[in-house]
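Visitor: I'm new to looking at protein models. Could you show me how to read a few features, one at a time?

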Amino acid sequence: MPPSPAPASSRSSPPAAVRIDSWLWAVRAFKTRSAATAACRAGHVRLNGNPAKASQTVVPGDTIRLRQAGFERILEVHVLIVKRVGAEAASKCYTDHTPERPPAPFLGLPQRDRGAGRPTKKDRREMERLRGESRGS
């Protein structure tokens with residue numbers, strides 16, 4: 001008896017189109033799919049320059065712009081995936097055209113002068129004298 005062909009569900013052919021929220025979750029742009037859906041609803045995701053709904057489909061060659069933490073990421077779709085994959089495999093599914101973020105200013109730890117903490121009793125009396133306040137009668 002000849003071997004039967006594998007069922008269609010076990011074959012791994014790339015999908016023709018994928019929902020944008022599912023693709024953003026699969027390539028690790030968002031931690032959860034519901035977070036990707038919420039970002040689409042809030043207008044933080046744009047597909048080819050137009051606001052994207054979560055159910056819109058993505059095809060290779062599309063450009064996705066998404067706002068995260070006050071910065072805009074620009075992703076060009078190369079490979080469509082539905083299942084979430086590792087970070088290295090996910091990075092091969094798109095090209096990141098995001099401009100480099102400006103470096104955060106280094107403020108360092110604040111240094112205070114010795115004795116600049118809570119005013120001493122003497123300091124408080126001097127401040128009261130300067131303000132013209134008098135204690136007692």
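Guide: Sure, let's begin with a pair of charged side chains: arginine 65 and glutamate 72 form a salt bridge, with their closest N and O atoms 2.9 Å apart. This is a predicted model, where local features need pLDDT of at least 70 and side-chain atom pairs count only at pLDDT 80 or more, while totals for chains, interfaces and linings use all residues. Residues are numbered from 1 along each chain as its sequence is written, and side-chain values use heavy atoms, leaving out hydrogens and water.

Visitor: What counts as a salt bridge?

Guide: Side chains of opposite charge can pair when their charged atoms come close. The cut-off used here is a side-chain nitrogen of Lys or Arg within 4 Å of a carboxyl oxygen of Asp or Glu.

Visitor: How many salt bridges does the structure hold?

Guide: Four. One of them joins arginine 73 to aspartate 96, with the closest N and O atoms 3.8 Å apart. That pair links distant parts of the chain, since arginine 73 sits in strand β6 (residues 71-77) and aspartate 96 in strand β7 (residues 94-96), 23 residues apart. Helices (H or I, at least four residues) and strands (E, at least two) are DSSP runs, numbered from the N terminus.

Visitor: Is arginine 73 buried or exposed?

Guide: Buried means under 20% relative accessible area, exposed means over 50%, and partly exposed is in between (1.4 Å probe, protein chains only). Arginine 73 has 18% relative accessibility, so it counts as buried. Its partner aspartate 96 is partly exposed, at 41%.

Visitor: Which residues are joined into one network by salt bridges that share partners?

Guide: Arg19, Asp21 and Arg33. Within it, arginine 33 and aspartate 21 have their closest N and O atoms 3.4 Å apart. This pair also links distant parts of the chain: arginine 33 is in helix α2 (residues 33-41) and aspartate 21 in helix α1 (residues 20-26), twelve residues apart. Aspartate 21 is buried because its relative accessible area is 1%, whereas arginine 33, at 36%, counts as partly exposed.

Visitor: How many disulfides does the structure hold?

Guide: Zero. A disulfide would be a pair of cysteine sulfur atoms within 2.5 Å. As for the cysteines you might click on, cysteine 40 counts as buried at 5% relative accessibility, and cysteine 93 is buried at 5% too.

Visitor: Let's try a helix. Why does α4 lie largely in the open?

Guide: Of its eleven residues, the number buried is one, so α4 lies largely in the open. Arginine 124 is in this helix, which covers residues 121-131, and at 35% relative accessibility arginine 124 counts as partly exposed. After α4 comes glycine 132, whose phi is positive, near 80°.

Visitor: Which residues other than glycine have a positive phi?

Guide: Two to look at are asparagine 48, with a phi of about 55°, and alanine 69, with a phi near 50°. Asparagine 48 lies in the loop between β2 (45-47) and β3 (50-51), and it is partly exposed, with a relative accessible area of 44%. Alanine 69 is in the loop between β5 (63-68) and β6, and its 74% relative accessibility makes it exposed.
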